[in-house]
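Visitor: I would like to go through a model feature by feature. Please give the general idea each time, then the case at hand.

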Amino acid sequence: MSTSFNFFERGALPRPEVSPAEAEELVRTRFGVEGRAVELGSQQDANFRIDTDAGTFVLKVSNPAFGAGDLDAQDRAAAHVAALEPDVLVPEAVPGVDGRTLQPIDVGGEPTTARLVRYVEGRMLSESAYLAPPIVAALGDLAGRTTRALAGFEAELPQRELQWDLRHAEEVVTRLASYVGVPGGSEAVQRAAAEAGGALVALTQVLPVQPIHGDLTDDNVVAVTDDDGRLRPVGVIDFGDLVHSWAVGELAVTLSSVLAYAGDDLARLLPAVRAFDAVRPLSDAELAALWPLTVLRAAALMVSGQHQASIDRGNEYAAKNLDREWQIFEVATSVPLAVGTELLRSAVRAARPSTPITGTRLLEVPARAVDLSTTSPELDGGVFLDDEDALLGRLLGGEGVVHTRYLEPRLTRTAINSLTAPATVPLGVDVLSVSRMAVRAPWAGRLSRRDGAVTLETAGRTLWLDGDLDSVADGDVAAGDTLGDVTALRVQLGTGAERPPYFVPAGVAHAWRVVCPDPTPLLEHAASEGDGSNAEEWLARRDAAFATVQEHYFVDPPQIERGWRQHLFDVEGRSYLDMLNNVSILGHGHPRLSDAVERQWRRLNTNSRFHYRAVAEFCERLAALAPDPLDTVFLVNSGSEAVDLALRLAWANAGRRDVVSMREAYHGWTDATDAVSTSVADNPNALETRPPWVHTVPSPNPYRGAHRGAEAHRYAAEAVADIEALVSAGHPPAAFLSESFYGNAGGMALPDGYLAAVYPAVRAAGGLCIADEVQVGYGRLGAHFWGFEQQGVVPDIVTVAKAMGNGHPLGAVITTRVIAEGYRSQGYFFSSAGGSPVSCVVGATVLDIMRDEALQENARVVGAHLRQRLLELADRHELIGAVHGMGLYVGVELVRDRETLEPAAEETAAICERLRELGVIMQPTSDRMCVLKIKPPLGIGTADADFFADALDRVLSEGW
């Protein structure tokens, strides 16, 4: 078959010069379409969007270098994909007034062809500033489906020698490298292309060849906005690079475009590889070729862009992409070929083990492995935030030799309040000794100094030694020769001449094993990798044994194994700012609390029917915190148990069962507390399944309820009327139950005077007023210790839990002596774990620490700062409808429309996922699940508040 186009014979392909006016005239005369032309970007063609009353089209004026046969094949290929993959949207060719889809025209005295295709509705995926893992997967799926469909495209496809055909990428780079204007760029791109091309030599004959789109990138992928606000790929446009080539090249092209969003985290490519393989399985040869082809695509893209910008200086499309193309090339060449290859291969195959290394022992003395992982007991008390070298010195313990573990994520390398995952995984080991230790050559080789280290090179491997080896001279050594003596040594192996990094991010660490073998066998008899904690494996084991109705946070949850103050840490050493955990009011891992618990556990733990001092002391302190006449305490083990007991106290005292509660509220999981909980977020059937003794009043929501803003005072009068109606109907309430500061609805204050009006109506009916302080109590509001203080009332019964135990199962009911004694009509009350010695010590110690560290005042000060930052974000981001709350009990409500207040529930969930990627723990709340639940430990500082606000600003600016 003859070649219809050969790039290497043409070289330069400037765009046809066509003005918008000429485009409008062309579509009118050739296609009978009246419309307005808007120029679209293209490297080598002239494209225009044509807006008409009958719809939208795209006019494509082809580069004169391409013949009619090429263009006809493109239209037929698009139709073929649409027929086999109806879910994939493609442009449909429109016939001209003469019935032909290909219209020969003349541009600047040179013949070419014009076509009109129907506009594929949607937006370009490249409009995204961020691609979430599900979107990367959808892009890979789209590439896989397109490749699968085109494998059966049997129509005659003209033979073309395109610069975008990855079979020619190395030659393209060679020809165009001189156009690269970046200093050192020409040499770098030629070197990268030559290495990638060399890696393909043994594979080219076994890689399947078929028609492929050839340019399935974010610029040529049409996306629609999903319910969660993300752009999801649904269609492919511009079949202009259609060519017979390696099938896996389609995926390589797609991955190269994802590199623009990957930053320094190449693991972001993996969802696309998995999704492609799921619809069009990749062979071992294709997996071996995939990363070299991705590098070649990045190299060819970069030099082609530089070339096009130089020969077509009016081409704004080519010029504006130069920085992006250089960025793609830099990311593609940021790791050795072998590492990138193994990373992509491991997305669908088992990871390869490290190459076993043998040799003479490096040290004369045995070394003991030390644990610097997230789960290490040696790092308790926050010592992992100390200087790592000083910590290793303490672990040495004054004698012997210790070494760290290869590939073990080190918590000591974590980064607090960092938007990116830190490089925590070592590709070698550190050795420390109390006295100088002799270092010996493990094998014969050549000694030299490079990059500040002593290297020992032999065939196929290099040993890198960092330490006080100044006396070592360059030259040949034999196995066992002494190289010097040191007290500290860093040992790393490499299979290449260039020194690899010592620490890498956990997401790519397993791939580095192919070029950085484990050096531990040179220190002892067996390899000593980290424990291999695998979040996916443990999640599967959790799901197998732990009822999955007990759901976990996040789609792909990190494996959290440690907390310290207001931060949580996963097994990869990643730090997360905990802006969610209202249970841990003191923060995580408080040494004073853990010491108190340990002492009491060693001394005594039993139940509260025994007589011991701690229960009396703690109950006295709780009663003292409550206003008169609340003076009597019950101790329980949870908020659910506390509210359940409060209801039983009301029933016992009133001699009846009817209860009034507010809608959109959550109070617990026991039978009684679930009955009075009306939040459909926790139970979708809550409103339909209430027993007849539960009566509700409307949620007094001043933001989105029936009465808003200044009219919110109406809720109180309506609630009073509802209560009086119950009395008239013969159902006087035994209790009115509410959160005193609306937590489940999004952390908002009740309207001023609400409880001051409702409580008297309840008491007039002979009922008791119960304040559920399980979430809001204990100083979280800053200005108030109890939420009911904000309303200027005193309830008859107060329930509290969560914060009072800082995560320990501890709850309480505080009431009057008369109400407490009224329970005797039901018998006696007992909670096995409630009021145990350990629980009482926990509760008392929490109060001590809150007082001594002024946490309530901190909640006031930092909460005010955080609220101001969030209000500033609301001024700039339309998605923020309101900022509720006070102190460190805050809710940011997200809406799609500030007039209709349509909840942005799906967006809120997706935003929480993105915040987790950026190092912030956050979850949605409210019946509409559109409020960010901001209830952090009370010890956070203004720097933490700023980090959270900055992360949220970035998400709302870039996307999620």
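**Reading the features**

Visitor: Leaving aside neighbours within four places in sequence, which residues is Glu773 in contact with?

Guide: Glu773 touches Ser740, Trp786, Gly787, Phe788, Val798, Thr799 and Val800, with its neighbours within four places in sequence set aside. Keep in mind that this is a predicted model. Glu773 itself sits in the loop between strand S31 (768–772) and strand S32 (797–800).

Visitor: What is the nearest side chain of opposite charge to Glu773, and how far away is it?

Guide: For a buried charge, look for a partner. The nearest candidate for Glu773 is Arg780, 9.9 Å away. A salt bridge requires the nitrogen and the carboxyl oxygen to be within 4 Å. Glu773 is buried and has no salt bridge.

Visitor: How is the chain as a whole described?

Guide: Start with the totals. The protein chain has 26 helices and 38 strands, and its C-alpha trace spans about 100 × 85 × 45 Å along the principal axes. Of its 960 residues, 57% are buried. The exposed area is about 37,700 Å², with carbon and sulfur atoms supplying 49% of it.

Visitor: Of the contacts between residues at least 6 apart in sequence, what share joins residues at least 24 apart?

Guide: The share is 74%, counted among contacts in the protein chain between residues at least 6 apart.

Visitor: How do I check the length of a helix, taking H24 as the case?

Guide: Compare an expected span with the distance between the end C-alpha atoms. Helix H24 (residues 855–876) has 22 residues, so at 1.5 Å a residue it should span 32 Å; the end C-alpha atoms are 31 Å apart, which agrees.

Visitor: Which residues of H24 are buried, and what covers them?

Guide: The buried residues in H24 are Leu855, Ala859, Val862, Gly863, Leu866, Arg869, Leu870, Leu873 and Ala874. Their cover includes two helices, H23 (837–852) and H26 (942–958), along with strands S34 (880–886), S35 (889–894) and S38 (931–934).

Visitor: In what order do S34, S35, S37 and S38 lie in their sheet?

Guide: Read a sheet by strand order, then by direction. Here the order is S34-S35-S38-S37, in an open sheet of four strands with antiparallel pairing. S34 and strand S37 (924–925) are the edge strands, each pairing on one side only. Within the sheet, S35 and S38 run antiparallel and are joined by four bridges; Val892 faces Leu932 of S38.

Visitor: What is the order and pairing of the sheet that contains S24?

Guide: That sheet is open too, with four strands in the order S24-S25-S26-S36, and its pairing is mixed. Strand S24 (560–564) and strand S36 (920–921) are at the edges with a single partner strand each, so one side of each has no neighbour in the sheet. Strands S25 (residues 567–570) and S26 (residues 575–578) form an antiparallel pair with three bridges, in which His567 has Leu577 of S26 as its bridge partner.

Visitor: Why is strand S4 described as largely enclosed?

Guide: Count the buried residues. In strand S4 (residues 55–61), six of the seven residues are buried, so the rest of the structure largely encloses this strand. On pairing, S4 is antiparallel to strand S3 (residues 46–52) over seven bridges, with Phe48 opposite Leu59 of S4. The connection from S3 to S4 is a hairpin of two residues. S4 also runs antiparallel to strand S7 (residues 110–118), joined by five bridges, where Val58 has Val117 in S7 as its partner.

Visitor: What should I look for in the backbone torsions?

Guide: Look for exceptions. Most residues other than glycine have a negative phi, and most peptide bonds are trans. In this model, Phe554 has a positive phi near 70 degrees, and Met929 has a positive phi of about 50 degrees. The peptide bond between Asp628 and Pro629 is cis, with omega about 5 degrees; Pro629 lies in the loop between helix H17 (613–625) and strand S27 (632–636).

Visitor: Are Phe554 and Met929 buried or partly exposed?

Guide: Phe554, in the loop between helix H15 (535–545) and S24, counts as buried because its relative accessibility is 9%, and the cut-off is under 20%. Met929, in the loop between S37 and S38, is partly exposed, with a relative accessible area of 33%.

Conventions. Residues are numbered from 1 along each chain as its sequence is written. This is a predicted model: local features need pLDDT of at least 70, side-chain atom pairs count only at pLDDT 80 or more; totals for chains, interfaces and linings use all residues. Side-chain values use heavy atoms; hydrogens and water are left out. The expected span of a helix is 1.5 Å times one less than its number of residues. Buried means under 20% relative accessible area, exposed over 50%, partly exposed in between (1.4 Å probe, protein chains only). Contact means heavy atoms within 4.5 Å. Lys and Arg count as positive and Asp and Glu as negative; His and the chain ends are not counted. Two strands pair if DSSP finds at least two bridges between them. Accessible areas come from the Shrake-Rupley method with a 1.4 Å probe; for residues, only the protein chains shown count as cover.
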